[in-house]
Amino acid sequence: MTAQLDKVASDRESFEVRNPATGESVGTFPVHTAEDVAALVAKGRDAQKWWAAQGFAGRKKRIQQWVRWLARDCDTLYDIGFRETGKPRPDVQFELLAGLEDLRWAATHAKRVLGERKVAPGLAMMNFEARVSYEPLGVVGIITPWNAPVYTAFCGLAYALAGGNAVILKPSEISAATGVYAAESFYKANPDAPEGLVSWITGFGETGAALCRSGVDKLGFTGSVPTGRRVMSACAENLTPVLLELGGKDATVIAEDADVEAAAQSIVWGSMWNSGQACVGVERVYVVQKVRDEFLRKVKENAEQVTVGLEPLSDIGPMTVPNQIEIIRRHVTDALDKGATALVGGLDSIKPPYVHPIVLVDVPEESSAVQEETFGPVVVINTVADEDEAINRANATEFGLGSSVFSKSRGAAIASRLHAGGTTINSVLTFVGMPSLPFGGVGNSGFGRFHGDDGLREFTQAKATTRKRFKMGQEMQRFPRGKDDFDVVYKVIKMRYARKFR
Ligand code: NAD
């Protein structure tokens, strides 16, 4: 396949992606129009037939080839990721690891989850065989954000492709190079695959909206809540189903029997990793009064050691998007104005394009730093009387993506009461890195799931097939009705349903 970039006409509108810290140009990308998208959907429909004909084994083989190719070429991606978003190499690597795990898992488990299987026909149809299978949808659109551009691209591609679909990937305009690399790498590993099976489009919101309106068979969107609403509304025009992976304001509960040292270390990493630009980053902590002082001391010690810079192995790099720095400034100002205290850093920590770690304590719950996604290396720590208060406050935002709890004996009990798509006990964020577990949110954090059996089924449609095995005396699917039909079924209903069942 020829790289799509080669086909971009010179008079086409385009945009440039630059490194947020150095200003270095990373590349120029076309702004794709609704006509371009329509052409790629049409190509995708043809290519998908080829992909479906490969069957589970053929698709697994090709995804495996792709995984191998990516692992061998990982340095290219570390370089693109760093140049495009300013991320330290370990952050790009972390995303790649999660993405490769997704590809591997989805390819390995697709047949088990989606393959045709027999189910019980039930009493009324006992002379039939019943089978269920999960068929590809056709062409799937995947729209991704800039903050985890490697992971979200490969995650979307993994489940959609393993489900037998063609895919059109629309990366964020801020991380277009990563998205283009992700899509084109499939052909590097599978040069004979037909054009249109894995396509990419670049551009701004209008290009994404064109994909939503293009008649694709499903739209998997990862991004902010306001854009998620626009995506759902555009998809509604064609009744295109949507999967929405939106923002979060993840909370952690520190119970009175927590390992405070381990909790402090995890909280600092969970809130500062990727400069806090993580949908599942720890943004709020509710610590029980009894262990508050010790916990705060340990958090301070840990947070003050975080290195910030442009070194390949810095703990955190620059903020990727200037607008985000203004959101952080607004949240920190609002919290301090409302009476919060800065345990670590403060407004002086905001030195664009960098934001150094900021830990805020005793932040009023109505503050923007508690209620809205901050998306920076900022964590709010509030003190609560007991675990009930911690849970109530943790559950009191519009979001419900991830959550965590630290407790030696009450972890599972507290986890079961946290209103979120995933909860980690005695660590943070771990559910994201396990492809066997469903990943997604509740509330305004979205609906639908990537990962796991649910993630594979998300990009398929259930198909029911029945086959008559033998003729029964009492058949309901025929006219004229038998004269005893009503009486026989009457008795069956009484015998079978008018009593307790196990
Ligand atoms: P965003 O919503 O601004 O943009 C996401 C994508 O949508 C981009 O590709 C953008 O070009 C596209 N887009 C913009 N307008 C559109 C429209 N009208 N129709 C269709 N597409 C449109 O989000 P962002 O700033 O790139 O990413 C950060 C957000 O993503 C945060 O809220 C973060 O929490 C969230 N996020 C969620 C997850 C998750 O799994 N739940 C993962 C990563 C990021």
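Helix α10 (residues 289-303) lies across five strands: β10, β11, β12, β15 and β16. Its direction runs at about 140° to β11. The model described here is predicted.

**The sheet under the helix**

These strands belong to an open sheet of seven strands. The order is β12-β15-β16-β11-β10-β17-β18, and the pairing is mixed. β12 (341-344) and β18 (422-425) stand at the edges. Each has a single partner strand, so one side of each is left without a neighbour in the sheet. Neighbouring strands are turned by 25° against each other on average, direction ignored.

Within the sheet, β11 (residues 282-288) and β16 (residues 378-384) run parallel. Five bridges join them. One residue pair can be named: Tyr-286 has Asn-382 in β16 as its bridge partner.

Helix α9 (residues 260-272) also packs on this sheet. It touches β10 (250-254), β11, β15 (358-361), β16 and β17 (402-406). The direction of α9 makes about 140° with that of β16.

The two helices and their strand contacts can be set side by side.

| Helix | Residues | Strands | Angle |
|---|---|---|---|
| α9 | 260-272 | β10, β11, β15, β16, β17 | about 140° with β16 |
| α10 | 289-303 | β10, β11, β12, β15, β16 | about 140° to β11 |

**A helix pair**

Two packed helices are described by the angle between their axes and the distance between the axes. For α5 (residues 149-162) and α6 (residues 176-189), the angle is about 35° and the axes lie 9 Å apart. The crossing of α5 and α6 is right-handed. On the α5 side, the contact is made by Pro-149, Val-150, Ala-153, Phe-154, Leu-157 and Leu-161. They meet Thr-178, Ala-182, Ser-185 and Phe-186 in α6.

**The chain as a whole**

The protein chain holds 16 helices and 20 strands. Its radius of gyration is 26 Å, close to the 23 Å that the globule rule gives for 502 residues, so the chain is as compact as a globular protein of that length. Along the principal axes, the C-alpha atoms fill a box of roughly 85 × 65 × 40 Å.

Of the 502 residues, 54% are buried. Among contacts with a separation of 6 or more, 70% come from residues 24 or more positions apart. The accessible surface of the chain comes to about 21900 Å². Carbon and sulfur atoms account for 53% of that surface.

Note on methods:
Residues numbered from 1 in each chain as written. Predicted model: local features only at pLDDT ≥ 70, side-chain atom pairs only at ≥ 80, totals over all residues. Heavy atoms only, no water. Pairing = 2+ DSSP bridges. Helix = DSSP H or I, 4+ residues; strand = E, 2+ residues; numbered from the N terminus. Axes fitted to C-alpha atoms, helices over the stretch in contact; angles between N-to-C directions. Contact = heavy atoms within 4.5 Å. Rg over C-alpha atoms; globule rule 2.2 N^0.38 Å. Buried < 20%, exposed > 50% of the residue type's maximum accessible area, 1.4 Å probe, protein only. Areas by Shrake-Rupley, 256 points an atom, 1.4 Å probe, with all protein chains shown as cover. Left-handed = near helix turned anticlockwise from the far one by under 90°.
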